[in-house]
Amino acid sequence: MRCGWLPDTSPSWYFYSHVDGRSYCTPLLLADWSALHEVSMEPKAINPEMIVALAPGLAATRRRRIRERLETVGATVSLVEGSERHYFELRGEIAALQTLSIDSWPGVDKVMVLGESSMHWAPDKAKSCAPIQVGSHTVGVGELTIIAGPCAIEEEERALRIAERVGTTGADLFRGGAYKPRTSPYAFQGLGADALPILEQVRNQTGLGIITEVLDARDVERVSQVADMLQVGSRNMHNYSLLKELGQVSTPVLLKRGFASTIDEWLMAAEYILSGGNSLVVLCERGIRCGAASRKVVLDLGAISELKQRTHLPVFVDPSHGSGEAYRVPSLARAAVAAGADGLLIEVHDQPWEALSDGRQALTLEQFDQLVPELRRIRTALGESATEYSEHVVGTSSGEER
Ligand code: PEP
Ligand code: MN
């Protein structure tokens with residue numbers, strides 16, 4: 001192991017360590033890392049995920065106490081001795097360690113997190129995940145997944161008409177809301193449980209896998225009896241009891257981004273589901289609040305490459321809620337595919353002007369028919385580069401029965 005610090009043109013310095021073929025080079029904001037000039041490592045130095053800088057000159061007994069406390073909470077600890085101060089390198093459940101405010105412990109100066117490798121969404125965890133099978137369709141294996149359907153299930157005949165048509169012209173999956181999270185309690189709330197047999201009917205008649213939103217942890221079991229994939233809506237991304245419940249089932253989850261959430265918060269929401277034992281999570285960007293915008297939300301297409309870099313999870317985009325207006329949907333959908341999205345969620349209605357929810361942003365059947373081949377063409381034109389960051393996404397080789 002090599003460990004040291006590198007001068008940079010900026011006033012900050014870069015810590016580097018090289019362990020088992022992996023290097024870390026991390027900008028440091030610590031006041032005094034000069035001790036790293038002369039460090040000696042314990043013989044069994046570890047590949048650290050977190051570094052704890054102890055206060056300069058901290059007595060050995062107090063150092064031991066901190067070490068014991070860290071080990072008690074499950075960390076593997078390795079000592080790095082500096083000339084003025086010592087450091088602990090940690091491995092373990094970093095997410096849990098991060099919640100302990102170690103930097104406020106007496107005798108601790110600073111804490112730095114180097115890696116996210118303990119997270120279930122981290123790229124190297126892909127191998128332990130099953131492929132994401134939604135009905136007969138497999139998500140995130142280099143093919144573009146197109147999900148289409150009305151915002152809400154309004155009546156059986158209409159749902160079937162829309163599903164038949166989008167299925168014929170290229171949708172891979174059908175989505176329709178039974179339970180709708182509406183801003184106003186006076187707005188149409190969805191048919192609720194009455195929509196579930198309709199969704200079942202759609203699957204039987206079209207063969208399309210079904211996605212529908214689950215709003216409440218108490219409904220998870222009932223909705224998963226019908227749905228091939230459960231949607232968690234933007235407003236529920238922070239509903240931790242719902243997320244925990246979804247960790248207990250084996251139905252895939254489409255986790256939408258909270259419209260005021262950072263990527264880190266979104267990933268932690270995914271971690272709730274993944275760490276509960278359900279590895280079948282797809283992220284869906286759907287637009288976020290932005291103070292500078294004249295519109296309700298701005299679609300964050302830059303999130304796609306970041307998520308592909310940091311996670312193995314498939315990344316979908318919802319250009320319908322990300323735009324709020326049908327005329328803006330096609331261009332955002334095309335841009336999302338060009339930016340590397342693994343799938344799209346597009347609201348489609350046979351008569352958007354009559355829709356009971358989100359009609360303004362719904363494409364007509366004709367508009368959807370026209371858009372799908374364009375999207376597929378963009379994906380084909382991108383070829384390998386469309387998935388260059390998605391090698392972490394799980395493959396199809398080993399299936400898991402639902
Ligand atoms: C929806 O998908 O119809 C919906 C309400 O989406 P979101 O949760 O992203 O607002
Ligand atoms: Mn909607």
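**From a helix residue to the barrel**

Glu71 is partly exposed, because 14 other C-beta atoms lie within 10 Å of its own (20 or more would make a residue buried and 12 or fewer exposed, with C-beta atoms placed from the backbone). The model is a predicted one, in which local features need pLDDT of at least 70 and side-chain atom pairs count only at pLDDT 80 or more, while totals for chains, interfaces and linings use all residues. Residues are numbered from 1 along each chain as its sequence is written, and chains are lettered from A and ligands numbered from 1 in the order in which they are written.

Glu71 belongs to helix H1, which spans residues 60-72 (helices, H or I, of at least four residues and strands, E, of at least two are DSSP runs, numbered from the N terminus). From C-alpha to C-alpha, Glu71 lies 9.6 Å from Gly92, although 21 residues separate the two in sequence. Ala60 is another residue of helix H1, and it is exposed, since 8 other C-beta atoms are found within 10 Å of it. For Ala60 and His86, a separation of 26 residues in sequence goes with a C-alpha to C-alpha distance of 9.9 Å in space.

Seen as a whole, the chain has ten helices and 18 strands, and 43% of its 402 residues are buried. Where contacts join residues at least 6 apart in sequence, 67% of them link residues at least 24 apart (a contact means C-beta atoms within 7 Å).

Eight of the strands form a closed barrel, which runs S11-S12-S13-S14-S15-S16-S17-S18 with parallel pairing (strands pair if DSSP finds at least two bridges between them). Going from one strand to the next, the twist averages 25°. Strands of a sheet pair through backbone hydrogen bonds, in either a parallel or an antiparallel arrangement.

Strand S11 is a useful place to look inside this barrel. Five of the five residues of S11 are buried, and therefore the strand is largely enclosed by the rest of the structure. Thr145, Ile147 and Gly149 point one way from S11, whereas Ile146 and Ala148 point the other way. S11 pairs with strand S18, residues 343-347, in the parallel sense over five bridges, and within that pairing Leu344 of S18 is the bridge partner of Ile146. S11 also pairs in the parallel sense with S12, over two bridges, and here Phe174 of S12 is the bridge partner of Ala148. Across S11 (145-149) and S12 (173-175) lies helix H3, residues 156-169, which runs at about 155° to S11 (the angle, from 0 to 180 degrees, is taken between N-to-C directions of axes fitted to C-alpha atoms, for helices over the stretch in contact).

Further along the barrel, strand S15 (residues 253-256) and strand S16 (residues 281-285) pair in the parallel sense over four bridges, and Lys256 stands opposite Cys284 in S16. Leu255 touches residues including Val232, Met237, Ala270, Ile273, Val282 and Cys284, when residues up to four places away in sequence are left out.

Leu255 also leads to the largest nonpolar core, which has 86 residues, and in which Leu255, Ala270, Leu344 and Ile346 touch the most other members (a core joins buried Ala, Val, Leu, Ile, Met, Phe, Trp, Tyr and Cys through C-beta atoms within 7 Å). Helix H7, residues 263-275, contributes the largest share of this core, with seven residues. Another core lies apart from it and has 17 residues, among them Leu54, Leu90, Leu97 and Ile102. In soluble globular proteins, nonpolar side chains tend to be buried together.

Ligand 1 is surrounded by residues that include Cys151, Gly177, Lys256, Arg286, His321 and Asp358 (C-beta atoms within 6 Å of the molecule). The shell divides into two nonpolar, four polar and five charged residues (Ala, Val, Leu, Ile, Met, Phe, Trp, Tyr, Cys and Pro count as nonpolar, Asp, Glu, Lys and Arg as charged, the others, Gly among them, as polar).

Asp358 of this shell sits in the loop between S18 and helix H10 (365-382), and it is buried because 20 other C-beta atoms lie within 10 Å. Its phi is positive, at about 55°, although Asp358 is not a glycine. Ser101, likewise not a glycine, has a positive phi near 50°, and it lies in the loop between helix H2 (94-98) and strand S8 (108-113). Ser101 is exposed, since 10 other C-beta atoms lie within 10 Å of it.

Notes: Two residues are in contact if their C-beta atoms, placed from the backbone, lie within 7 Å.
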